[in-house]
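Trainee: I'm new to this structure and would like a close look at one part of it. Please start with a sheet and the helices around it, then carry on to a few other spots.

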Amino acid sequence: MARVQLSSLDVERLAAELADQVIGSRVQNAYLLPDGSYTLRLRRDGESWELQLIPESLVMLVRGTFEERAEPDGFCRALREHLRGKRVTGFEPVRGERVVLIRFEGGLELCCQLYPGGRIALLNRAEGSVLSAHPAPRNGEVLVDQCGGRPPSTDLNALEGLRAVAPSKKLGSVLVRELGIAPKYANEALHRAGLRGDLRLGEVGEERLERLRRELEAMLEEARTGVPRLYVLEDRAELSLVRLTHLEREAVEVREFAEVNEAVREYYRTALGLQSRSARLKEVEERARRLEREAEEKLAQASTIGAQAEELRRAAMALFVNASELERLRATRSGSVVTEDLKAEVRGNAIEVEVAGLRLQLSMGEPVTRQVSSLFDRVKGLEEARRNLIAEAEKLRSEIERLRSEAEKLEVPKAVPVRPSRPKQWYESYRWTFTASGRLVVGGKDASTNIRLLKRHMDGDDLVFHAEVRGSPVVLLKGGASDEADVVQAATFCAAYSRAWREGLGSISVYYVRPEQISFTPPPGTYLEKGSFIVKPPKSYVIAELKIAIGITADGDAVCGHPDYVKSVSVAYAVIRPGRRPARELVGELVREAERITGSRPDDRVVERLISLVPYGVGELVELRALRDKTGVRTPENEMG
């Protein structure tokens, strides 16, 4: 897990901000995330969010739901057992420490030690016991006392006294170790005071020391109310509650935030990404260096083999020039030959030759010219081996260039995705859409939801739609129709999700009635099947074309409905009619078009939602379009408002 650190000042500001939001909420559940952090799912006044606890690092509030969970460990199970259903009664820091205490009804408390080696401990304060901790305490370790805190150590007036008793201590070390000031704030105070951290206390005059004290006081006061900032550097990120002038030249980017919690979330995401990117760059560089060594070894081998080939080629040429003399020796099986190029002498059953610095033996059983030809073949083999080694080295160097080029383009990886939290609307339990004029259209998914929709949500001013085919949804046009287009669009929605789609029809008759024409009571002596209802005449009819549009909004949500509505709220949309292409293929085309225009791919949750919106999971593409600069996009929430 990434070591992303907050100072005690940061923790105090963050805790004060979060206390107002979480006190009074109830714990719904606890989870373990893939990155090793824990979350408490909290709920208050119909709103939910997650309090993320990152061991040895930080706490932060995340509005929404984490989309990935890990299998709960022992500590997570203990949180569930003891905290589920409990109300948060307190949320406060320990002054001067990087510790947050979260209190719950029943005397329970979470002590979050946000420093390297710290723990998250679940305590029963009433009994003075530890219920669970992560990591587990060592034998004999008393965690209750560790969560009590110590008085704050920051005493700026101690600077003068320290100079008298420890003049050899370095100024930067004194600020951090003796006064407990976070390095980022200590460095900023030194920068503002025009001092270096490596100066000895004894080298700093009284006037300059007093200036440093004033800068520290002003800066620490600013930290309690200042604008949270995130300084993004090449290899790290720094969260600060004051302006860090000493980092402004080095920073790649500086961001300001309205809330400390928002800044902390972005700090964690950015720092985690930078660390991961740095680790990947290091891995790439190590691999590149290994490949470089391998390439150098191959080039060295090629050089050696090249020298051998050249030496053997000179020897073969000399033998070729003197082949007739050598052949005479082979024929007579005695004697010797000495020329400018070589010395040869018959010894036993071979001719020993010294040529071009080499000692060779020629066989008596094979013509000299054939043996010389074999030597030239060996030269060719060596030269080919040399060329192959050089080509392999070049290939390795190309791979090195590719690795380093791709490394420069490495993006900061994303944190565990969070699905934004918003109150769920009643109609989201059904199929739903809107008309282009803003009327809500809601349909059942099966016989049981058809009846539930009619009994629970049908109002007197609605219109009720049903296709003239068995297996049709019931559709409500809430508030009735503002014009004929509303009727057509609601009827089209009803027809698209009827069995007529599966049958591949081009259009179908859809009727609509008023709510008072719907009855759940059969005439005397008759029986009404479960999931059925009676429609009293008269009925109004519409011939509805079987088509549906699915789209992706500017906010990245999935929508469906009549093309007129979907086109008005989408940055990319597809119009579909009955067909045999699988929904995943159709949605794949839409996603690629949206990615081409917007530069980002919709997340998997949206893709799966789009697939589920294709009636019966099959269709045929009629129209596909993406809008590059869509403005004024309406969302379903805006339509309702």
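Mentor: Here is a walk through the sheet, its helices and then some other places.

Before we start, bear in mind that this is a predicted model, where local features need pLDDT of at least 70 and side-chain atom pairs count only at pLDDT 80 or more, while totals for chains, interfaces and linings use all residues. Residues are numbered from 1 along each chain as its sequence is written, and side-chain values use heavy atoms, with hydrogens and water left out.

Our sheet is an open one with 4 strands, in the order β14-β15-β16-β17, and the pairing is antiparallel. Two strands pair if DSSP finds at least two bridges between them. As for the names, helices (H or I, at least four residues) and strands (E, at least two) are DSSP runs, numbered from the N terminus. At the edges sit β14 (336-338) and β17 (358-363), each pairing on one side only. On average, neighbouring strands here are turned by 15° against each other, direction ignored.

Zoom in on the middle: β15 (residues 342-347) and β16 (residues 350-355) run antiparallel and are joined by 6 bridges. One spot to find is A344, whose bridge partner in β16 is V353.

Now add the helices. Helix α8 (residues 260-321) packs on the sheet and touches β15, β16 and β17, with its direction at about 50° to that of β17. Helix α9 (residues 323-332) packs there too, touching β14, β15, β16 and β17, and its direction makes about 165° with that of β14. Contact means heavy atoms within 4.5 Å. For the directions, axes are lines fitted to C-alpha atoms, for helices over the stretch in contact, and angles run from 0 to 180 degrees between N-to-C directions.

Stay on α8, which holds A307. A307 counts as partly exposed because its relative accessibility is 47% (buried means under 20% relative accessible area, exposed over 50%, partly exposed in between, with a 1.4 Å probe and protein chains only). From A307 to R386 is 79 residues in sequence and 9.7 Å in space, C-alpha to C-alpha.

α8 has another helix to meet. The axes of α1 and α8 come within 9 Å and cross at roughly 120°. That makes α1 oblique to α8, since angles under 35 degrees count as roughly parallel, over 145 as roughly antiparallel, 65 to 115 as roughly perpendicular and the rest as oblique. R13, L14, E17 and L18 of α1 meet V260, N261 and V264 of α8. Those contact residues divide into 4 nonpolar, 1 polar and 2 charged (Ala, Val, Leu, Ile, Met, Phe, Trp, Tyr, Cys and Pro count as nonpolar, Asp, Glu, Lys and Arg as charged, and the others, Gly among them, as polar).

Follow α1 (8-22) onward and you get to α6, because α1 is among the elements that cover the buried residues of α6, along with α5 (171-178), α7 (206-225) and β12 (237-240). Within α6 (residues 183-193), the buried residues are K184, Y185, A186, E188, A189, L190 and A193. Just after α6 comes G194, with a positive phi near 70°.

Next, the strands β1, β2 and β3. β1 (residues 26-32) pairs with β2 in the antiparallel sense over 6 bridges, with L32 opposite Y38 in β2. In their hairpin, with 5 residues between the strands, G36 takes a positive phi near 90°. β2 (residues 38-44) is mostly covered, as 5 of its 7 residues are buried. On to β3 (residues 47-54): it runs antiparallel to β2, and 7 bridges join them. R44 has E47 in β3 as its bridge partner. The hairpin of β2 and β3 has 2 residues between the strands, and D45 in the turn has a positive phi of about 55°.

Last, the aromatic rings. There are 10 aromatic pairs in the structure (rings of Phe, Tyr and Trp, its six-membered ring, pair if their centres lie within 6.5 Å; planes under 30 degrees apart count as stacked, over 60 as edge-to-face and the rest as tilted). Y427 and F434 are edge-to-face, 6.2 Å centre to centre with 90° between the planes. F434 and Y565 are tilted, at 6.0 Å and 45°. This tilted pair links distant parts of the chain, with F434 in β19 (residues 431-434) and Y565 in α14 (residues 563-569), 131 residues apart. Both F434 and Y565 are buried. Finally, ring pairs link W426, Y427, Y430, W432, F434 and Y565 into a cluster.
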